[in-house]
Amino acid sequence: MALGAGQTWEDADLLGTAPEETTGGNAGVSLGDLDGDGWLDALVVTPQGSLALTNDGTGELAEGLISVDEGPLPAANGVALGDVDGDGDLDAWLGRLTGSADLLLVNDGAGHFTSSEMSDTESESFSAAWGDVDADGDLDLIVARYADSFDPSEVLDGSLTGGPTTLYLGDGSGTLTAAEDALPAEVLDSVAFAVSLVDLDGDGDLDAYLANDFGPFLGPNRLLENDGSGRFSLVDEETCFCNRSMYAMGIAAGDLDGNAAPDLYLTDLAGPDLLLNEGGAVFYEATLAQGAEVPNAEDHLASWGTAAVDLDRDGWLDLPMVFGPLFPHGDPDGLSALGEDFDDWVDGLAQRDVLLRNTGGGVFTDISESAGFTDERKGRALAVGDLDRDGRPDLLTAGLWYAQSWHTEGGCANGITLRLTGEGLVAGLGAHVLVEVDGVEQHHWFTGASTWSSHAPELTVGLGETTVADRITVSWTDGRTSEWTSVAAGELEISP
């Protein structure tokens, strides 16, 4: 397996001019068929400027017909795609800078968006996850927000606050309304980088996992259990063992060890963490034991966007992730204000991306060099989708200030790409997929959210050397199930 670097978009494409000197920065990417031609398009956003790209039908992306209010894509911190009005095409949420309201972009089906401001959303919005949290048949949205300003002294004394982290309930017509008292008070002012919606406890509804920055000073990540009606309660650390106090940047969720429960891989400063789910949302830390560590080094301090994806289609989920300096122009002393314990945390300017291959059973090996996935630019975001429809999942990465496509190449294993269509764009986000191949079960979940970004509404199921899946069963978020038998390698469009 190799990842071949494809198209590149640099400063001028994204920003019009080279970016000004800044003390921070981020970028987000989302993949989905935005113009209704069956091919994945892309939205790339940064706070300085953004870029909308259409697919020409071969996997090549170029500036095309995608527009917002007859103009270009607005600048933003983050982007997430979902069908908010239930009409079978993908709409978009844009998270904006402090002082600017978040935007909801409604698609006409041909890639032309009409925007509206979301009320009371003028805090620093970074990431969001779509999903039907109340099982009423339409998409809801949870938004993770960061601090409006950064002062190291407020980190040290624990007074820095973010937010508000907010759950918005959809009505199926394109309207989102903030749900009062739906989230526990402990998470409302979290300084959060990412959020994921996935059924972690196996009870059939979507739980939320919130990845928080500066955990040792401001409070840990949080697992929020859904009661089935869209009301969430805090699961304490003594119960779930997953509310890690870390500098969390991103979340990958998927069954990494083959025990039918979704695990978590959390990007971080000084090395990501692997949390394996024993079932029922009870986790244990297994980073070193499973070979999933990325040792802290000048070229591997800050990991950001990540995903659980079967790149080589062998039936096991791999872990690509992007790295990049905390500060756009590098700052070896950037963490010194936090104390002498951080003296060996060097924020190197050139930090290399990483690909961990799952060799089976959740045991990983670093194949970054052999796969060609060692980009040293200032990475932030990563999204997954099959850009060229060759049956292999591809990647789109972005950072300060660039975007890069990566096409998966080589290998002889087979796979099935499950692509959500029609009602599946609503019921599919968060849906559980059971695949039976030669008597062996695989368990997958459609998890759309990534750091400041969202993956395409599809997933690739690896068959290895087998050419047919005996059975595929999808349990939708609204309680319905669908089943297919004797599914040959290739593509399968699915909807309830």
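A residue is called buried here when its relative accessible area is under 20%. With that in hand, welcome to a tour of this predicted model.

**View 1. Val 133, a buried loop residue**. Val 133 has a relative accessible area of 2%, so it falls under the 20% cut-off and counts as buried. Its place is in the loop that runs between β11 (125-131) and β12 (140-145). Leaving aside neighbours within four places in sequence, Val 133 is in contact with nine partners, namely Asp 140, Leu 167, Leu 169, Leu 197, Asn 226, Gly 228, Ser 229, Gly 230 and Phe 232. Take a moment over Gly 230: 97 residues separate it from Val 133 in sequence, yet the two C-alpha atoms are 4.9 Å apart in space.

**View 2. The whole protein, for orientation**. Six helices and 38 strands make up the secondary structure to look for here. The C-alpha trace spans about 60 × 50 × 45 Å along its principal axes. Val 133 has plenty of company, since 60% of the 496 residues count as buried. Of the contacts between residues at least 6 apart in sequence, 58% join residues at least 24 apart.

**View 3. A patch of negative charge on the surface**. Glu 340, Asp 341, Asp 343 and Asp 344 gather here. Asp 344 sits in the loop between β24 (319-323) and β25 (354-358), and its relative accessibility of 54% makes it exposed. For the wider setting, the protein holds 16 positive and 92 negative charges, and the mean positions of the two sets are 4 Å apart.

**View 4. Two cis peptide bonds**. Most peptide bonds are trans, so these spots deserve a friendly second look. One cis bond joins Gly 163 and Pro 164, with omega about 5 degrees; Pro 164 lies in the loop between α2 (152-156) and β13 (166-170). Another joins Leu 400 and Trp 401, with omega about -10 degrees. Trp 401 is in the loop between β28 (394-400) and β29 (402-409).

**View 5. Positive phi at Asp 181 and Phe 241**. Most residues other than glycine have a negative phi. Asp 181, however, has a phi of about 65 degrees and belongs to the loop between β14 (176-178) and β15 (192-198). Phe 241 shows a phi of about 55 degrees, in the loop between α4 (237-240) and β19 (250-254). Are these two residues buried, partly exposed or exposed? Asp 181 is exposed, at 62% relative accessibility, while Phe 241 is partly exposed, at 41%.

Notes. Residues numbered from 1 in each chain as written. Predicted model: local features only at pLDDT ≥ 70, side-chain atom pairs only at ≥ 80, totals over all residues. Heavy atoms only, no water. Helix = DSSP H or I, 4+ residues; strand = E, 2+ residues; numbered from the N terminus. Buried < 20%, exposed > 50% of the residue type's maximum accessible area, 1.4 Å probe, protein only. Contact = heavy atoms within 4.5 Å. Lys, Arg positive; Asp, Glu negative; His and termini not counted. Charge placed at Lys NZ, Arg CZ, Asp CG, Glu CD. Patch = residues over 30% accessible without salt bridge, like charges linked within 9 Å, V, L, I, M, F, W, Y side chains within 5 Å. Areas by Shrake-Rupley, 256 points an atom, 1.4 Å probe, with all protein chains shown as cover. Salt bridge = Lys/Arg side-chain N within 4 Å of Asp/Glu carboxyl O.
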